[in-house]
Amino acid sequence: MQSKAFRSSTDRRHFLIAASAAATSFMAPLGGSAMAAGSAAGSVMLRPNPKQNLFRVRCELEVEGNVNLPKNALVSRESEIQLPITSKAVLDYEERVTRKNANDPTIVMAERHYHTAERKSTLNKTDTVCELRDSVRSTVVRHDVTPEVVFAVDDYFRRDELDLLRTPASSLGLDGLLPTEAVATGTKYSPSMESLAAALSLSSVEASKVVAEVVSITAQEAKIQFTGDVDGSIEGVPTIVRTVGKLTFDRKLGACTWLAMAVHETREIGKAEPGFDVSATIKMVRKPMAQPVALAASKTKVNPTAPIPEDRLYVDLKSDELGIGVLMDRRWRMMSDVPGAAMMRMIENDRSIAQCDFRPLATLPKGSQWTLDAFEEDIKKTLGEQLADIVSAEERVGETGLRVLRVAATGAVEGVPIQWTLMHLSDDSGRRVLATFTMESRNASVFAGSDHQLGGSLRLLDRKSADGEMVSGKYVLDGETRISRAKPRRDDSSEVQSASDHK
C-alpha cells in the first residue's frame, strides 16, 4: 500500500493540473501600439509592447494518462506499476511584469496575485483537491531562471500548493515563442531552446524539433501555430515533450493574448517523484489591464537581478501521522508518512543528498527532560562499531520553543564514510520527537545547515492516532527508526534504534 505522502507526490507534477475551457472578462487594456511598419501582406516585426506590463491571465488545463511508480527510486528507475490519473485545474491571476531594460522587453520577474488556483485530481480512483490558501496568493515569480521560481510574499507554500502553480506553460514565456525577425504569412521559424525551456517550464532543453509557422497576419493580429518534439529535463530528470499549439499575438496591444496547446509528456522516474506518460491540454487567455485589482497600485521596488532571498524559498512540510511540521528548503521532500514514522529526503538534480527519519518517543512525565549526556550515551550504544567519533553535542531552545538536543557523529557503513546528525526535540508537556539525518560524508557541504533549519523551525501539531483520529498528548511508539545500513541493534533500553535503507 502506498503511503499518503507518496500518493500525494504523484499528482504534483508541472502539468498534472488541468481544466476545461472557460472565458473571463478583463479590464480595458492600455493604449499604445507595438505594430511594426509594414502592411499585413508584407513582412512585419511581432514585438511585445515594452510599456504594457499589467495582465490578467486565466489558464485551464486537463490531463489524463498514467503515473509510473518504481519499486525503489534510489535503486532502479524501472516502473513496477502504472496508475491511471486524471486532473483538472484553473489558475486565474493578475501579474505585473518587470522587463530587462528599456531596450529589451524580455520579462525577468513578475508580481502576481492569484484570484483562483485550484485542482481536482483522481489517481487510481482516489480523489484529491488542492486549493491555494489566502496567505500565499500574493507571490513573486523570477523568470530569469529556468524553470521559473515562485515564492509567496507573506507565508510559505506547502508542497502541493507549490506544484499546483508550476504549470506546463508559462504566461511569462509566451513572448519567447514569437519570431525574432520580420515575418510574413507562411514564414516558418524555430524558437530557441532557451525560449522553449522558459515557455514549457523546463529546467533545460537539450534538443528541439519544434517548428513554428505564421499562418495569418492582419492589421489587428498575427496567428502562429507550432509543432514538434522537445528533449529536456526537469530538475535533472529526462523529459520528452511532444507538443502542438496555436498562439495569437495582438499587434495593436503588442501582447500574446491567447494560447491553446496539446502536450504529450513522457518523464522518467526520478529520485523525488514518480514518472509520467500523460496527455494534457492547456488553454490560456492573457489580456492587458489598465489598473490592478488585487495587486498594489504601484510596482514593488525589488531588484530583479539580486539573488532570490533564501528565506523565501522554504517549503512547509508536514507529517499528519506524527503531528509535526517543519520549514525546509525546497530540495527536501516528505517521502513517506505512516503511523509511527515519517521520512523526508534531500534531492538535488535527481541526486539523493541526505535522508531524515522521524519517530515519536514515549511521552515523559510533565516537567521531566532527557539530558544531553544521556542522549549522547544512547547514540554511542546504538551505533556501536559503526561509530568513529562524536563530532559535536549541544543543547539549545529552538525558535518554536522546543528544547533541542543535537549530536553529530561520523562513522562508516560497509566501508562508506557516513555522517549522522541526531536531534531530540521536546516540549514542556514531555512530548518528544527524534529526527535522524543520514548522509555520505561527501555530501556534507551541500547538506550544510539543514539540521539547524529543522531544529529552529520544527513544531509539534495534532496528529493521527492508530484509528485515524486526530489526537494530542501521549503517544507511545512500538516501531523503530533506521539510521544506518547495519542490521538493527536490538536493545530495548535504547531510545535510538539503528539500521537504515539510505546511503
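Select strand 15 first: Ile324, Val326 and Met328 point one way from this strand, Gly325, Leu327 and Asp329 point the other way, and all are buried. Burial here means under 20% relative accessible area. The model is predicted, and the strand covers residues 324-329. Strand 15 is mostly covered, with 6 of its 6 residues buried. As background to the two sets of side chains, in a regular strand the side chains alternate between the two faces of the sheet.

**The sheet around strand 15**

Next, add strand 14 (314-319) and strand 23 (459-460) to the selection. Together with strand 15 they give an open sheet of 3 strands, in the order 14-15-23, with antiparallel pairing. Strand 14 and strand 23 are the edge strands, each pairing on one side only. Strands of a sheet pair through backbone hydrogen bonds, either parallel or antiparallel.

**The hairpin**

Display the backbone of strand 14 and strand 15, which pair in the antiparallel sense over 6 bridges. One bridge to locate joins Ser319 to its partner Ile324 in strand 15. The two strands form a hairpin with 4 residues between them. In the turn, select Gly323, which has a positive phi of about 75°.

**The other side of strand 15**

Move to strand 23, which pairs with strand 15 in the antiparallel sense over 2 bridges. Gly325 has Arg459 as its bridge partner in strand 23, while Ile324 stands opposite Leu460. Ile324 is thus a residue to keep labelled: Ser319 has it as bridge partner in strand 15, and Leu460 faces it from strand 23.

**The helix across the sheet**

Now select helix 6, residues 450-457. This helix lies across strand 14, strand 15 and strand 23. Relative to strand 15, helix 6 runs at about 140°.

**The largest pocket**

Finally, show the largest pocket, which holds about 1,100 Å³ of space. Its lining has 49 residues, and those nearest its centre are Arg166, Glu235, Asp329, Arg330 and Arg331. Asp329 has already appeared on the tour, as one of the buried residues of strand 15.

Which elements should be coloured as contributors to the lining? At least two residues each come from strand 3 (104-123), strand 6 (149-152), strand 15, strand 16 (332-338), strand 17 (341-348), helix 5 (444-447) and helix 6. Strand 17 supplies the largest share, 3 residues. Colouring the lining by residue class gives 22 nonpolar, 10 polar and 17 charged residues.

Technical notes: Residues are numbered from 1 along each chain as its sequence is written. This is a predicted model: local features need pLDDT of at least 70, side-chain atom pairs count only at pLDDT 80 or more; totals for chains, interfaces and linings use all residues. Side-chain values use heavy atoms; hydrogens and water are left out. Two strands pair if DSSP finds at least two bridges between them. Contact means heavy atoms within 4.5 Å. Axes are lines fitted to C-alpha atoms, for helices over the stretch in contact, and angles run from 0 to 180 degrees between N-to-C directions. Buried means under 20% relative accessible area, exposed over 50%, partly exposed in between (1.4 Å probe, protein chains only). On a 1 Å grid over the protein atoms alone, a cavity is a set of points where a 1.4 Å probe fits but cannot get out, and a pocket is an open set with protein on both sides within 12 Å along at least five of seven lines; lining residues have an atom within 4 Å of a point. Grid points are joined across faces, edges and corners, and a volume is the space filled by probe spheres set on the points. Ala, Val, Leu, Ile, Met, Phe, Trp, Tyr, Cys and Pro count as nonpolar, Asp, Glu, Lys and Arg as charged, and the others, Gly among them, as polar.
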